[in-house]
Amino acid sequence: MKIDDAVKRETKYIAIGSVILSVLMESIFLIAHHWSYTVILGNLLGIIAAVGNFFLMGLTVQSAVGLEQKDASAKMKASQTLRMFMLFAIAILGVLAPCFNILAVLISLFFPRIVIMCRSFFLNKEEGKKENDGGENVE
């Protein structure tokens, strides 16, 4: 199966945003004097899981596009269930294994949601600017 360019582009966007948030989180741990190698490992585990989850969701959406609504809905529901189990298992691993910082793992799992929320916020502001620019008279 060929990976659609939109899936690649959006996954790349989520990965870059997650890395930026990771640097911010690592900085906060460093400033608070709670930084150690476990923070980096937990951060990496969380980011790989979260971005991987987003990528798998994109692949599922890509493959469900050509299906009938009932089949596509069932496929999406099954994918979501399996991906949530995967994230839950990774979170449990991050909590139980002493080589991972618990907070770093759990916080990193939310980075894609934060990136998506920020993107939609900025896109809405840009759309509002375009509407205002188009509706104003310069004269």
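## A charged network, buried serines and a nonpolar patch

Glu10 comes out as partly exposed, at a relative accessible area of 24%. That is a handy place to start, since two salt bridges run through this residue: one goes to Arg9, where the closest N and O atoms are 3.9 Å apart, and the other goes to Arg119, with an N to O distance of 2.4 Å. Arg119 belongs to helix 5 (residues 111-135) and Glu10 to helix 1, so this pairing ties together parts of the chain that are 109 residues apart in sequence. With their shared partner, the bridges join Arg9, Glu10 and Arg119 into one network. The structure as a whole holds two salt bridges. It should be said up front that the model is predicted, not an experimental one.

Arg119 does a bit more than pair with Glu10. Its charged end also sits over the ring of Tyr13, 4.1 Å from the ring centre. Like Glu10, which is partly exposed, Arg119 falls in the middle class for accessibility: at a relative accessible area of 27%, it counts as partly exposed. As for ring against ring, a search of the whole structure turns up zero aromatic pairs.

Zooming out, the protein chain has five helices and zero strands, and reading along the sequence gives a plain α-α-α-α-α pattern. The chain runs to 139 residues, of which 31% count as buried. About 9800 Å² of the protein chain is exposed, with carbon and sulfur atoms supplying 68% of that area. Contacts reach well along the sequence: taking those between residues at least 6 apart, 77% join residues that are at least 24 apart.

Ile14 gives a concrete case of such a link. This residue is in helix 1 and is buried, with just 1% relative accessible area. Its C-alpha atom is 5.7 Å from that of Pro112, although 98 residues separate the two along the chain. Setting aside neighbours within four places in sequence, Ile14 is in contact with Val51, Phe54, Pro112, Val115 and Ile116.

Ser18 also lies in helix 1. This serine is buried too, at a relative accessible area of 1%. Not counting residues up to four places away, Ser18 touches Ile47, Val51, Phe111, Pro112 and Val115. Val51, Pro112 and Val115 thus turn up in the contacts of both Ile14 and Ser18.

A further buried serine is found in helix 4 (residues 102-108): Ser108 has a relative accessible area of 1%. Once neighbours within four places are left out, its contacts are Met25, Gly42, Asn43, Gly46, Ile47 and Ala50. Ile47 is therefore a contact of Ser108 and of Ser18, contact here meaning heavy atoms within 4.5 Å.

The surface has its own story. Leu30, Trp35, Tyr37, Ile40, Leu41, Leu44 and Ile48 make up a nonpolar patch of about 700 Å². Helix 2 (residues 37-64) gives the most to this patch, with five residues. Leu44, one of the patch residues, is found in that helix. At 45% relative accessible area, Leu44 is partly exposed, and so clears the bar of over 30% that patch residues have to meet.

The loop between helix 1 (5-31) and helix 2 is home to His33. Most residues other than glycine have a negative phi. His33 goes the other way, with a positive phi of about 60° despite not being a glycine. This histidine counts as exposed, with a relative accessibility of 73%.

Note on methods:
Residues numbered from 1 in each chain as written. Predicted model: local features only at pLDDT ≥ 70, side-chain atom pairs only at ≥ 80, totals over all residues. Heavy atoms only, no water. Patch = residues over 30% accessible without salt bridge, like charges linked within 9 Å, V, L, I, M, F, W, Y side chains within 5 Å. Areas by Shrake-Rupley, 256 points an atom, 1.4 Å probe, with all protein chains shown as cover. Salt bridge = Lys/Arg side-chain N within 4 Å of Asp/Glu carboxyl O. Helix = DSSP H or I, 4+ residues; strand = E, 2+ residues; numbered from the N terminus. Buried < 20%, exposed > 50% of the residue type's maximum accessible area, 1.4 Å probe, protein only. Phe/Tyr/Trp six-rings, centres within 6.5 Å; stacked < 30°, edge-to-face > 60°. Lys NZ or Arg CZ within 6 Å of the ring centre and 35° of its normal.
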